[in-house]
Amino acid sequence: MNIAIIGGTGVYDPRILNNIREQVTPTPYGVVRFKTGEYAGKEVAFIPRHGSNHSIPPHLINYRANIWAMKKMGVKNVIATTAVGSLNPDMKPGDFVLIDQFLDFVKNRTTTFYEGGSRGVAHVDVTTPYCPSIRNVLAGEAKELGISLHQQGTYVCTEGPRFETPAEIKMFAKLGGDVVGMTNVPEVILAREAEMCYATVSMVTNFAAGISPQPLTHHEVLETMQANTENIKQLILTAIER
Ligand code: HPA
């Protein structure tokens with residue numbers, strides 16, 4: 001197994017793959033159930049981050065178990081999707097953003113495998129947190145498919161599950177954030193610790209609180225996501241072919 005897809009909000013359906021099988025993988029952090037299948041002659045793992053019916057909120061996702069299970073399966077390359085709000089007027093609902101940096105505003109999550117003890121202590125380098133080679137492939141594919149994709153963007157990760165206040169959004173924009181979501185930390189960090197090549201395609205589902213003229217709803221996020229799932233599927237599948 002070389003490739004995994006971590007599906008975010010709106011990307012729950014493993015049927016983009018053929019010959020699907022259920023995998024049950026024990027890890028030190030709990031058992032992970034996910035699907036594996038085939039595409040273009042390659043074996044691909046698929047984990048819907050929030051569960052197959054969006055039953056796991058962002059702050060309760062077992063990020064360490066998910067990444068550990070993939071590592072154990074031999075996964076080397078991970079393409080993750082995330083739904084995000086935008087703080088950047090150029091990044092509009094329906095656009096994709098190929099994240100290249102993050103700002104970590106999570107509060108109550110363990111963001112490392114290295115907690116001392118038998119696994120020791122490590123300080124992983126995150127100068128380039130997102131895999132340049134997968135990002136290059138995705139950027140090239142998006143161009144060919146005519147999909148509107150920003151080639152760089154800074155992802156602000158909040159604890160959630162609430163949306164942000166307009167004051168927080170103003171602060172994040174001042175700090176250089178482009179988009180805001182609730183899941184990329186610690187996922188990207190753990191993938192890095194596990195020495196996997198990890199990239200995130202974010203889909204802008206809304207302008208963030210205070211920029212958007214109306215209060216945010218999860219329904220709005222899902223609606224935009226649904227309208228664009230075909231694009232995100234196509235983008236990921238053509239990248240897998242490469
Ligand atoms: N904030 C945080 N997470 C999100 C948003 C948002 O505006 N939209 C989609 N996920």
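The following paragraphs lead the reader through a predicted model of a protein chain and its ligand, from the overall fold to individual residues.

The secondary structure of the protein chain consists of 5 helices and 11 strands. Its radius of gyration is 17 Å, close to the 18 Å that the globule rule gives for 242 residues, so the chain is as compact as a globular protein of that length. The C-alpha trace spans about 45 × 45 × 30 Å along its principal axes. Of the 242 residues, 45% count as buried. Among the contacts with a separation of 6 or more, 81% are between residues 24 or more positions apart.

A suitable place to begin is strand E1, which covers residues 3-7. In this strand 5 of the 5 residues are buried, so E1 is largely enclosed by the rest of the structure. Ile3, Ile5 and Gly7 point one way from E1, while Ala4 and Ile6 point the other way, and all are buried. This arrangement may be read against a general pattern: in a regular strand the side chains alternate between the two faces of the sheet.

Strand E1 pairs with two other strands. With E4 it runs parallel, and 5 bridges join the two; in this pairing isoleucine 5 has phenylalanine 46 of E4 as its bridge partner. With E5 it also runs parallel, joined by 4 bridges, and here the bridge partner of alanine 4 is valine 78 in E5.

From E4 the pairing can be followed to E3 and on to E2. Strand E3 (residues 30-39) and strand E4 (residues 42-48) run antiparallel and are joined by 5 bridges. Phenylalanine 46 in E4, already met as the partner of isoleucine 5, stands opposite lysine 35. E3 and E4 form a hairpin with 2 residues between the strands, in which alanine 40 takes a positive phi near 50 degrees. Strands E2 and E3 likewise run antiparallel, joined by 8 bridges, and they form a hairpin with 2 residues between them. In this pairing glutamate 38 in E3 is the bridge partner of asparagine 18.

The interior of the model can be described through its nonpolar core. In soluble globular proteins, nonpolar side chains tend to be buried together. The largest nonpolar core here has 68 residues, of which Ala4, Val78, Ile79 and Leu138 touch the most other members. Two of these names have already appeared, since alanine 4 and valine 78 are the bridge partners between E1 and E5. Leucine 138, for its part, touches Leu98, Ala199, Val201, Leu235 and Ala239, leaving aside residues up to four places away in sequence.

The ligand is the next point of interest. Of the 14 residues around the ligand, Ala83, Gly85, Val180, Gly181 and Ala208 come nearest. Two or more residues of the shell are given by each of strand E5 (77-86), strand E10 (179-181) and strand E11 (197-207). The largest share, 3 residues, comes from E5, the strand that also runs parallel to E1. By class, the shell has 8 nonpolar, 5 polar and 1 charged residues.

Several backbone details deserve attention. Most residues other than glycine have a negative phi, and most peptide bonds are trans. Against this background, the peptide bond from glycine 160 to proline 161 is cis, with omega near -5 degrees; proline 161 is found in the loop between strand E9 (154-158) and H3. A cis peptide bond also joins valine 185 and proline 186, where omega is about 15 degrees, and proline 186 is found in helix H4 (residues 184-193).

Positive phi values occur at asparagine 19, near 55 degrees, and at glutamate 195, near 60 degrees. Asparagine 19 is found in strand E2 (residues 18-27) and is exposed, because 9 other C-beta atoms lie within 10 Å and a residue with 12 or fewer counts as exposed. Glutamate 195 lies in the loop between H4 and E11 and is also counted as exposed, with 10 C-beta neighbours inside 10 Å.

Finally, alanine 167 lies in helix H3 (residues 166-174). With 10 C-beta neighbours inside 10 Å, alanine 167 counts as exposed. Its C-alpha atom is separated by 20 Å from that of lysine 92, which is 75 residues apart from it along the chain.

Methods: Residues numbered from 1 in each chain as written. Predicted model: local features only at pLDDT ≥ 70, side-chain atom pairs only at ≥ 80, totals over all residues. Rg over C-alpha atoms; globule rule 2.2 N^0.38 Å. Buried ≥ 20, exposed ≤ 12 C-beta atoms within 10 Å, placed from the backbone. Contact = placed C-beta atoms within 7 Å. Near = placed C-beta within 6 Å. Nonpolar A, V, L, I, M, F, W, Y, C, P; charged D, E, K, R; others polar. Core = buried A, V, L, I, M, F, W, Y, C linked by C-beta atoms within 7 Å. Pairing = 2+ DSSP bridges.
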